[in-house]
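Here is a short report on one protein chain. Look at the sequence and the structure first, then read on.

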Amino acid sequence: SQYGVHHILQLATDDISTIHRLAVTVPDNFLHAHTVLTLMSEAWPRLVNVTHLHIDGAGHDAQREKAPNLTALASMPNLQHLELFDMPCGIMLPQGDNLSTLTILHLCTSAPSLTTIPSNLRQPFVTPPRHTQRWRGPANLEQLTITRNKSLQDYSWITDLTNLRSLRILQPLVRVRIPCVLTNMTTLTMLDTTDDDRAPTNLAAFARLKNLKLARLSHLDDREEVVRNLLTNNANLDHLEIGQCYYMSHHVFCKIDVSSLITMRLCGLGTLFQFPSLQNAWALTELSIKKCINLECCDGIASLSSITALRLSELDGLRRLPILSKLTNLVLLDVNNSWHITNLPQVIADLEAIRRLRVTLEGGQELHQSFENRLADYESASEIFEDILSSLRAWPKPHLREASLALIICKRSDLRHTWPDLESPRHLSAYYMEQQKLLAFASSQHWRLGTHSCAQQLNDNLLKTIANIVTGAT
């Protein structure tokens, strides 16, 4: 408010020097908003120690199509982190040369506008011509985030950011236009262009990047060759996410160097029928496959010996999983809403090192789903869960610390019912008590027979099976 601005202007030098972080939100009213930003132009030079500045324009001048003037920010000598929100008509910013300390910039529904500069022509009775100058970004900028873009102007100024390490373009309302190929951004290691609805930007601009370590990419349907080149050129990539690509096949992964890949997440690849073979993915520890509804074969997962976490979600076309007994490092298996995997109990039986097991099935999402449909979902889920419990009883897991078998059914009251008692997931308590008894029996046999007994040579699962028979547990 104007009162707050006047209060800042009246602060003593010692008091104002203690401000390191400042957030400014202008009023919705146009006249008040314009007055606040005008008055703040007098306050910026006094805020010499502010390092983090957040300005929310509240849609300032959206109807008058006038860009707020923030060129006075150049007088803040220690400004490092700048966030500009909800100024859809653009912002007049100082040129990057005058923002030499700025390292982090977040633009949300805001964009730098062209600067209008009058000519030096001086003639009587003649209006001097004017021309526009492209905004130049600060050369020391390391992190740039563009969220909910509405600007139709191009973002060619990104090429000036030769020290940029992180670039995120998220949820654009208008596609971010980058007309040129970024060839001089050798420091860029993180690229995030994810969105559920549309392609955030022109991916061809990033085709020659070579030092990426993290890449989140979406809507690549018409740029498969560009994607292949992008992924092939970045041998140090350790985190890869690809989503919402309805026409991209598994062939795009054929020549990728995945030797450094640690995390891989695939979502919404409609034409992915077969999981790609990643023979040299020695460092891969986390794999997530979601909403690949036509995926039918994922035998390539069985060769990922270093994997520790496997998440499979909404895979309607998948009927079976490969045998995962060679995945001796797998500690988390999370299967969500994949009803048609027929050999899930057998796969779980082979997981010796499993620590966390989650199997979640979701019933019909209609609020007015009939009782017969809910009952059918319940019976199908019960059959699947009983088979899993039988498998766990036959082959107890000594390292299992967390397990959840849940059926979620939405009702009119938006409450969720959990299998099997529809109130609380207590169905694994008997299994845990039984497992503790079996493990105690196995330990007592080792202790009673001595450390050099033949019992030490028995397979753990065989010893637990013997214990199961002796104790009468079923």
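The report goes from the whole chain to confidence, strands, and single residues.

**The chain as a whole**

This is a predicted model. The chain has 474 residues, and 47% of them are buried. Its secondary structure comes to eight helices and 18 strands. About 23500 Å² of the chain is exposed, with 51% of that area supplied by carbon and sulfur atoms. Take the contacts with a separation of 6 or more: residues 24 or more positions apart account for 53% of them.

**Confidence**

How far does the predictor trust its model? The mean pLDDT of the chain is 78. A score of at least 70 is reached by 72% of the residues. Strand E14, residues 309–313, has the highest mean pLDDT among the elements, at 96. Strand E5, residues 115–118, has the lowest, at 46.

Residues 116–130 keep a pLDDT under 50 throughout. The model gives this stretch twelve contacts beyond four places in sequence. Residues 421–427 also have a pLDDT below 50. Here the model has nine contacts beyond near neighbours in sequence.

**Strands E2, E3 and E4**

Strand E3 covers residues 81–91, and strand E2 covers residues 52–56. The two run parallel and are joined by five bridges. One pairing can be named: Asp56 has Phe85 in E3 as its bridge partner.

E3 also pairs with strand E4, residues 104–112. These two run parallel as well, with seven bridges between them. Met87 stands opposite Ser110 in E4. In a regular strand, side chains alternate between the two faces of the sheet.

**Two positive phi values**

Which residues other than glycine have a positive phi? Asp86 is one of them, with phi near 55 degrees. Gln171 is another, with phi near 50 degrees. Most residues other than glycine have a negative phi.

The two sit in unlike settings. Asp86 belongs to strand E3. Gln171 lies in the loop between strand E8 (166–170) and strand E9 (190–193). Asp86 is partly exposed, because its relative accessible area is 29%. Gln171 has 44% relative accessibility, so it also counts as partly exposed.

**Accessibility of selected residues**

The table collects the residues discussed in this report by burial class.

| Residue | Relative accessible area | Class |
|---|---|---|
| Asp86 | 29% | partly exposed |
| Gln171 | 44% | partly exposed |
| His239 | 12% | buried |
| Cys108 | 12% | buried |
| Cys180 | 27% | partly exposed |
| Trp339 | 22% | partly exposed |
| Ser17 | 24% | partly exposed |

**His239**

His239 is in strand E11, residues 239–243. Is it buried or exposed? His239 is buried, because its relative accessibility of 12% is under the 20% cut-off. Its side chain makes a polar contact of 2.7 Å with the side chain of Glu241. Leaving out residues up to four places away in sequence, His239 touches Lys213, Leu214, Ala215 and Arg216. It also touches Leu261, Thr263 and Arg265.

**Cysteines**

How many disulfides does the model have? The count comes to zero. A disulfide is a covalent bond between the sulfur atoms of two cysteines. Two cysteines can be placed by burial. Cys108 is buried, at 12% relative accessible area. Cys180 is partly exposed, at 27%.

**Trp339**

Trp339 sits in the loop between strand E15 (332–336) and helix H5 (344–349). At 22% relative accessibility, Trp339 counts as partly exposed. The cut-off for buried is under 20%, so Trp339 does not fall in that class.

Which residues does Trp339 touch, not counting those up to four places away in sequence? They are Leu361, Glu362, Gly363, Asp377, Ser380, Ala381, Ile384 and Leu407. Ala381 is 42 residues from Trp339 in sequence, yet their C-alpha atoms are 8.2 Å apart. The side chain of Trp339 also has a polar contact of 3.1 Å with the side chain of Asn337.

**Ser17**

Ser17 is placed in the loop between helix H2 (13–16) and strand E1 (21–25). Its relative accessibility is 24%, so Ser17 counts as partly exposed. Ser17 and Leu47 are 30 residues apart along the chain. Their C-alpha atoms are separated by 6.6 Å.

Key
Residues numbered from 1 in each chain as written. Predicted model: local features only at pLDDT ≥ 70, side-chain atom pairs only at ≥ 80, totals over all residues. Heavy atoms only, no water. Pairing = 2+ DSSP bridges. Helix = DSSP H or I, 4+ residues; strand = E, 2+ residues; numbered from the N terminus. pLDDT = per-residue confidence, 0-100. Contact = heavy atoms within 4.5 Å. Buried < 20%, exposed > 50% of the residue type's maximum accessible area, 1.4 Å probe, protein only. Polar contact = N/O pair within 3.5 Å; in protein donor to acceptor, adjacent residues only side chain to side chain. Areas by Shrake-Rupley, 256 points an atom, 1.4 Å probe, with all protein chains shown as cover. Disulfide = S-S within 2.5 Å.
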